[in-house]
Amino acid sequence: TLNDHPADGVRDADEVYGRFMAKLADSGYEECVPTVEEKVNDRERAHVEKGIKNFRFNAGSKEYMDAFFDATGAEMEEKGAAFRWLDWQQDYLYPNVNGMNNLSHLKWLNHLYYEYSKRNGNRGMSFSRWGGFGDHKHPSYFSGDTVSTWEALEFEVQMTVSAGNAGCFWWSHDIGGFMDPVPGGQSELYARWVQFGALSPALRLHMCGVEGFDRRPWTWGEPYCSIMRDAFHLRSTLMPYIYSEAKRCCEESLPLLRALYIEHPEDEEAYRHPGQYYFGNGLMVAPICHKMDDENGYIESEIYFPEGIWYDWFTGERYEAGLHTVKNTLKTFPLFIRAGYPVVTMPYSARMTTEKLISPIIKIGAGASGESFIYEDDGITDTELGKFLRTSIVYDDESRTLKHTPEVVNYDDGVTERSITVMLLGDESVTTMKNVAVDKELEIKLV
């Protein structure tokens with residue numbers, strides 16, 4: 001993606017100015033040029049006085065926006081950008097869309113950019129600030145220029161979870177914070193922020209351009225570089241699960257980051273832990289948002305476990321329902337798998353979203369039965385075209401069997417067989433089945 005600040009539109013200094021003007025001329029566009037009397041900057045005023053045609057950005061005109069996308073697309077999409085990161089900075093000049101006094105630029109442009117990205121049979125993708133209620137149809141969003149503090153991290157966690165209540169599921173944050181009052185000096189905070197990002201809709205490092213400030217993890221030294229690498233690798237291995245749970249969100253209108261009270265509305269204790277959330281149906285997370293006790297080398301968190309049985313993702317320790325104190329070092333954080341729910345993972349890959357699922361690893365906590373699914377497609381084509389592979393994964397705890405059943409097969413990525421490994425937490429058994437046909441039903445007896 002490329003960051004796009006469209007407030008000035010296309011001007012005479014831009015390489016695509018000629019293409020833009022030709023497209024406008026062909027459309028018979030009626031001029032929308034700032035006058036000297038309007039609130040314009042010095043450069044605009046000089047152009048007006050010299051008779052240079054630099055049309056005001058006009059999101060209220062289809063002719064203008066068609067020409068704008070055509071011209072700028074030549075510099076962006078045709079050179080490899082899959083979609084645009086919309087940044088907007090003009091509302092102080094023109095608060096509303098031209099000709100639409102009650103429509104803000106942000107909400108309208110989020111719609112236009114999203115629809116533009118869907119051309120040629122692609123699924124929609126946009127990246128912008130939140131435009132208000134109704135804008136949840138145009139994912140995804142970034143939360144703006146945050147300051148690097150523990151309080152900001154804690155707020156981001158709770159805000160991301162509660163935003164799902166309003167239908168806004170897909171948040172991307174400036175991981176580590178955009179502006180750091182102690183540039184390069186808050187290593188522990190940065191590491192914890194990355195851990196949160198790994199179990200959130202998007203993991204995106206970002207910062208302002210300040211001398212001596214660098215968000216590249218390998219510039220932060222050890223152990224912080226390795227800790228951040230582990231978080232990136234964890235997200236990579238979880239990608240089959242994350243992608244499938246994201247599909248569930250689209251089908252059921254449930255957030256990917258789900259407050260405990262959404263799953264347990266009758267449980268009063270579920271409302272008292274805003275920093276905990278379900279990450280999909282099978283995992284529960286409580287990101288650490290406080291500095292560690294340097295003397296003991298660990299941090300304690302009070303975790304509420306809803307009904308059922310839970311297993312620590314890192315240690316395999318089993319927890320029953322209720323309040324428990326959980327200890328973590330800097331390398332780990334509270335992440336738990338719900339017993340009975342098959343969580344489908346994959347071996348680490350640096351390109352996890354395009355890696356073919358040849359060797360899935362299914363992790364299950366013993367003590368309950370449950371089911372999930374694997375959703376696969378090409379990541380580009382409009383999902384309404386129905387080109388995907390969906391496989392049901394059902395675990396029965398009493399018989400210790402796992403059923404692998406293809407439900408919809410309308411997608412071919414060249415993979416005909418898989419090697420499936422099942423890891424059962426609680427009795428630590430591991431079962432591997434090789435050369436499993438992707439399009440055939442299979443029952444695996446765990447041993």
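Three exercises on a predicted model follow, each with a worked solution.

Residues are numbered from 1 along each chain as its sequence is written. In this predicted model, local features need pLDDT of at least 70, side-chain atom pairs count only at pLDDT 80 or more, and totals for chains, interfaces and linings use all residues, while side-chain values use heavy atoms, without hydrogens and water.

**Exercise 1. Find which residues of the largest nonpolar core touch the most other members.**

Step 1. Fix the term: a nonpolar core is a set of buried Ala, Val, Leu, Ile, Met, Phe, Trp, Tyr and Cys residues joined through side-chain atoms within 4.5 Å. Buried means under 20% relative accessible area (1.4 Å probe, protein chains only).
Step 2. The core has 68 residues; Leu199, Leu238, Tyr277, Phe279 and Leu283 touch the most other members.
Step 3. Helix 6 (residues 187–198) gives the most to this core, seven residues. Helices are DSSP runs (H or I, at least four residues), numbered from the N terminus.
Step 4. Take Phe279. Beyond its neighbours within four places in sequence, its contacts (heavy atoms within 4.5 Å) include Leu199, Tyr241 and Val285.

**Exercise 2. Explain why Cys168 forms no disulfide.**

Step 1. A disulfide is a pair of cysteine sulfur atoms within 2.5 Å.
Step 2. The closest cysteine sulfur to that of Cys168 is in Cys249, 12 Å away, so it is too far for a bond.
Step 3. Cys249 is in no disulfide either; the sulfur of Cys250, the nearest, is 6.6 Å away.
Step 4. The structure holds zero disulfides.

**Exercise 3. State how buried Cys168 and Cys249 are.**

Step 1. Cys168 is buried, at 2% relative accessible area.
Step 2. Cys249 is buried too, at 3%.

Terms used: Buried means under 20% relative accessible area, exposed over 50%, partly exposed in between (1.4 Å probe, protein chains only). Helices (H or I, at least four residues) and strands (E, at least two) are DSSP runs, numbered from the N terminus.
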